[in-house]
Amino acid sequence: MARRIAVFGAGYIGLVTGACLAELGHTVVVRDIAEDKVAALRAGRVPIYEPGLAELIAAHAERLTFTLDADEATAEAEVVYVCVDTPPTASGDADLSRVWAVVDSAKRAAHLKAFVVKSTVPVGTGARIRAVLDTAGLAQVGYGSNPEFTAEGRAVRDFMRPDRIVIGAFDEATAALVAEIHEGVDGPVITMDVPSAEMVKLTSNAFLATKISFANEIANICETTGADVTKVLGAVGADHRLGKHFLHAGIGWGGSCFPKDAVALKALASNGGYHPQILTDVIEVNNHQRRRAVTRLKDEIGPLTGKTVAVLGMTFKPGTDDMREAPSTVIVDRLLSEGASVVCWDPMARTPAHAPWTAIRRAESVEEALSGAHAAMVVTEWPQLEAVDWRLAAESMAAAVLFDGRNVLEPERMAECGYTYISVGRATVR
Ligand code: UGA
């Protein structure tokens, strides 16, 4: 049954949720506080890049609208979906002020049946919102926790064909309503209590981050033994109990989710009086892995003062323009503080208007970035790197030294092309 749904937040999650709910047949109003964003969306411009998203928004313009006005969004809404951001505060706890603002708006919604939270929130938030709704005389409005597991760059696909739809609710009717909203989505529904649903989201991201940090630690050990981490983890991941995904060693994880959620889960544990040892180490290994990238380059070429380093890739992963918590920021910062000049190439990133990015030169192509450089670092595994004529590029460099922070290039081939090729968890070839 088609529902009238208000989605709060027009970020990555809100836009994908709104567009996919419209695709499922619902009438959706997406509300955001950013005037420029809403104006752009009303004019048919999608402010973020996400494959398939602009097409969905254009296709469903009749039942997918955008507003700045919270009351306009909730006026007819049967369901409010909360997709606002929950950034970490200085203590690591999530800042829930935007979520509470949506709760206030929902109190004025005349037709509301369910208040559903997709934003990642600390365990216990649902119970607190439930209590506030009850006190406001809204006991009849159901509360649902519906965490999202979509990854950037494949978010529309992940929404429409997920591994699972997790629904936490205090009552069966609300769980059934949220499940019904997903009719047409190709994935199993798993219902549970609200705290468990909240915990699933943080645990999933922490586990994925743990797999990567573990892969990075094994890579660092491989470097001391002569083993090749891609062969080791390829065979390890072939064991179905372990799985091959998220076992790629590199310069560490970034993005808007893993860093924030790992810190939030750690804060959650600490607030409950428990010291999370594994999680603490997973975060520390990740921080170390970024710093280590520059150390390994320095070990090869010596002090960086007066040298130009080409950084290939700026976004936290390919297929997105997102620069949030990108490992490149830490790497560029360290290169500059070591006295290097930095030239960056990225096909999609917008250069952030703050340090260290204000001190770099931006190249239009990989070839332009490499020309005259004393070393290069692959920071994001953009597919465009496969098409580069690496032999020609080596000849254009002041010194053909390449650190591959994503293990995307073939060591033998790079040596043949004239490089000193350093990668993660594999022997350096020259
Ligand atoms: C992640 C999760 O994958 C989603 O399931 C989740 O819904 C989302 O966070 C979220 O909480 O919203 P995302 O941040 O878009 O999605 O990116 P991922 O594709 O998971 O990559 C995260 C980071 O891990 C990237 O920096 C990537 O380069 C790195 N990574 C990933 C590795 O270093 N090695 C790997 O094997 C895999």
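The exercises below, each with a worked solution, concern a predicted model of a single structure.

**Exercise 1. The division of the chain**

Establish how the chain is divided into domains, and describe the contact between the parts.

Solution. Begin with the bounds: domain 1 covers residues 4-192, and domain 2 covers residues 193-430. Next, take the distance between them, for which the C-alpha centres of domain 1 and domain 2 give 32 Å. Then turn to the contact itself, in which 28 residues of domain 1 meet 25 residues of domain 2. On the side of domain 1 that touches domain 2, the elements that give two or more residues are H6, E6 and E7. Of these, E7 gives the most, with four residues.

**Exercise 2. The nonpolar cores**

Describe the largest nonpolar core, and determine which domains and which helix supply its residues.

Solution. The general expectation is that nonpolar side chains in soluble globular proteins tend to be buried together. In this model the largest nonpolar core holds 85 residues, and those with the most contacts inside it are Val80, Tyr81, Val82 and Phe115. Its largest share, ten residues, is drawn from helix H9 (residues 194-225). The core takes at least three residues from each of domain 1 (4-192) and domain 2 (193-430). A second core, separate from this one, has 46 residues, among them Ala293, Leu297, Ala310 and Ala326.

To see the surroundings of one residue of the largest core, consider Val80, setting aside its neighbours within four places in sequence: its contacts are Ala6, Phe8, Thr74, Val102, Ala106, Ala109, Leu112, Phe115 and Val116.

**Exercise 3. Strand E6 and its partners**

Work out which strands are joined to E6, in what direction each runs relative to it, and which residues stand opposite one another.

Solution. First consider the strand alone. The side chains of a regular strand alternate between the two faces of the sheet. In E6 (residues 142-145), Gly142 and Gly144 point one way while Tyr143 and Ser145 point the other way, and all of them are buried.

Second, take the partner E5 (residues 114-117), which is joined to E6 by four bridges and runs parallel to it; here Val116 stands opposite Gly144. The chain passes from E5 to E6 through helix H6 (residues 125-135), and this β-α-β crossover is right-handed.

Third, take the partner E7 (residues 165-169), which is joined to E6 by two bridges and runs antiparallel to it; in this pairing Ser145 stands opposite Gly168.

**Exercise 4. The two faces of helix H8**

Explain why the buried residues of H8 line one face of the helix, and identify what they pack against.

Solution. List the buried residues of H8 (residues 172-181), which are Thr174, Ala175, Leu177, Val178 and Ile181. Seen down the axis of H8, these residues fall within an arc of 160°, and they therefore line one face of the helix. The spacing agrees with a general rule: an α-helix has 3.6 residues a turn, so residues three or four places apart point the same way. On the face turned away from the buried side are the exposed residues Glu172 and Glu180. Finally, the buried residues of H8 pack against strand E4 (79-82), E5, E6, E7 and strand E8 (189-192).

**Exercise 5. The six-stranded sheet**

Give the strand order of the open sheet of six strands, and identify its edge strands.

Solution. The order is E11-E10-E9-E12-E13-E14, and the pairing is parallel. The edges are E11 (361-362) and E14 (420-423), each of which pairs on one side only. At the E11 edge, two bridges join that strand to E10 (residues 341-345), the two running parallel, and Cys344 stands opposite Arg362.

**Exercise 6. Backbone exceptions**

Locate the cis peptide bond and the residues Phe246 and Asn407, and decide whether each of these two residues is buried or partly exposed.

Solution. The background is that most residues other than glycine have a negative phi, and most peptide bonds are trans. The bond from Ala355 to Pro356 is cis, with omega near 0°, and Pro356 lies in the loop between E10 and E11.

Phe246, whose phi is positive and near 60°, lies in the loop between helix H10 (229-237) and helix H11 (258-271). Asn407 has a positive phi of about 55° and lies in the loop between strand E13 (401-404) and helix H16 (411-416).

The last step applies the cut-off, by which a residue is buried if 20 or more other C-beta atoms lie within 10 Å of its own. Phe246 has 15 such atoms and is therefore partly exposed, whereas Asn407 has 20 and is therefore buried.

Conventions. Residues are numbered from 1 along each chain as its sequence is written. This is a predicted model: local features need pLDDT of at least 70, side-chain atom pairs count only at pLDDT 80 or more; totals for chains, interfaces and linings use all residues. A nonpolar core is a set of buried Ala, Val, Leu, Ile, Met, Phe, Trp, Tyr and Cys residues joined through C-beta atoms within 7 Å. A residue is buried if 20 or more other C-beta atoms lie within 10 Å of its own, exposed if 12 or fewer, and partly exposed in between; C-beta atoms are placed from the backbone. Domain bounds come from an automatic or database domain assignment. Two residues are in contact if their C-beta atoms, placed from the backbone, lie within 7 Å. Two strands pair if DSSP finds at least two bridges between them. A crossover is right-handed if, with the strands pointing away from the viewer, the path from the first strand over the helix to the second runs clockwise. The arc is that of the directions from the helix axis to the C-beta atoms.
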